[in-house]
Amino acid sequence: MGPTATIKLSALQHNLQRAAELAPHSRLYAVIKANAYGHGLLRAASSLEAADALAVARVEEAVLLREAGIQKPLLVLEGFFNVEELEAASFHQLEVAIQQPEQLQILRQNPIKKPIQCWLKIDTGMHRLGFQPDAVDAAWQFLSTHESVAKGVRVMTHLASADDLADPVSQHQLKLFHSLTQKFSTATSVANSAGIIGWPEARSDWVRPGIMLYGASPMQGRTGEQDGLLPVMTLKSRIIAINSFTKGSAIGYSGTWTCPEDMRVGVVAAGYGDGYPRHAPAGTPLLVRGKRLPLIGRVSMDMLNIDLRGLPDAQVGDEVVLWGDGLAAEEIAQRAGTIAYELFCGVTQRVVFKEIDG
Ligand SMILES: *Cc1c(COP(=O)(O)O)cnc(C)c1O
């Protein structure tokens, strides 16, 4: 008896549609890296039929998709790191981001049979991957004349703080990107989910929604529901035991929570071994029969405790929603000091996945 992650495919499709509505003049890369943010790589790829294209972080992820028969244009956001990856990209006709001089070197030294579509990635302020502004022209020159590179090189950048509408850095990044790339007159891509939702000017030729497809808002202090999104994953389990304790009883490891009165305490079959965050503090909500009840004590590997005072009828066997339908993953993430992205990616292998809505 353990948790189940129900994946609602119609919600995934709804959220894609929502991204398309927000960026009506853009084409869309549905970002399905990291096992589609924990939702299942192939499941997501095949249900996101309506996306113009797909994007992943690494060549291995793209190869899995091609080997499973996925034909859509497929962008590798970090590009290749050695000749084997370059050859795989050519063989499988992957699109690649070119973000550092080492990749130009690999191209220079290893002629390939089929040219590849390249995106020149520019660092406008994220300071992670990308060519620095003063190196852009030379990289462009190299790529747009190299025989291994398909005609029509495109340009991209990534926003560092698009989730914060008050941070001026996005505006600065947008301006810098425009000034560096305008002269190339080619297709551009800037926006992740937060760019799509929060920054109209970031909705350029191609957008790259990730987290919003899975129903969580990327924006600080908001939930997906407020942005017109539906939760895709609902993580549920059940109450496996109920005990009555007297006032003063300490609950769980290290006895960090003490019963303030005589009360019933439930045990839920979900813990950090399933991907429920151990840092979730007492008071983090759980949903039982539509009612929010607080987590109490420390989350352990397989179980956690729940205060049943608010639901006198609760019984062993009752279903408990940990996040998803009716309980935003963003809220649980915030309580645990993290983001919904990490909760989704952290659901472990022993959790049983089920799809609904074909
Ligand atoms: C992961 C990623 C995205 C998607 O980001 P979200 O915040 O999940 O929408 C877009 N672009 C790049 C380069 C990424 O690495």
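A polar contact, as I will use the term, is a pair of N or O atoms within 3.5 Å. With that in mind, and remembering that this is a predicted model, let me begin with the ligand, which is surrounded by 14 residues, the closest being Lys-33, Tyr-37, Ser-193, Ile-211 and Tyr-341.

Lys-33 places a polar side-chain atom 2.7 Å from an oxygen atom of the ligand, while in the side chain of Ser-193 an N or O atom is 2.5 Å from a ligand oxygen atom. A nitrogen atom of the ligand, in turn, is 2.9 Å from an N or O atom in the side chain of Arg-208.

Let me now turn to a pair of helices. Helix 6, residues 101-109, packs with helix 7, residues 136-145, at an angle of about 25°, and their axes are 11 Å apart. Because angles under 35 degrees count as roughly parallel, helix 6 is roughly parallel to helix 7, and the crossing of the two is left-handed.

Which residues make the contact? On helix 6 they are Leu-104, Leu-107 and Arg-108, and on helix 7 they are Ala-139, Phe-142 and Leu-143. Sorted by character, the residues of this contact comprise five nonpolar, no polar and one charged.

Note on methods:
Residues are numbered from 1 along each chain as its sequence is written. This is a predicted model: local features need pLDDT of at least 70, side-chain atom pairs count only at pLDDT 80 or more; totals for chains, interfaces and linings use all residues. Side-chain values use heavy atoms; hydrogens and water are left out. Axes are lines fitted to C-alpha atoms, for helices over the stretch in contact, and angles run from 0 to 180 degrees between N-to-C directions. Helices (H or I, at least four residues) and strands (E, at least two) are DSSP runs, numbered from the N terminus. Angles under 35 degrees count as roughly parallel, over 145 as roughly antiparallel, 65 to 115 as roughly perpendicular and the rest as oblique. A crossing is left-handed if the near helix is turned anticlockwise from the far one by less than a right angle, and right-handed if clockwise. Contact means heavy atoms within 4.5 Å. Ala, Val, Leu, Ile, Met, Phe, Trp, Tyr, Cys and Pro count as nonpolar, Asp, Glu, Lys and Arg as charged, and the others, Gly among them, as polar. A residue is near a molecule or strand if one of its heavy atoms lies within 4 Å of it. A polar contact is a pair of N or O atoms within 3.5 Å; within protein, one must be able to donate a hydrogen and the other to accept it, and residues adjacent in sequence count only if both atoms are side-chain atoms.
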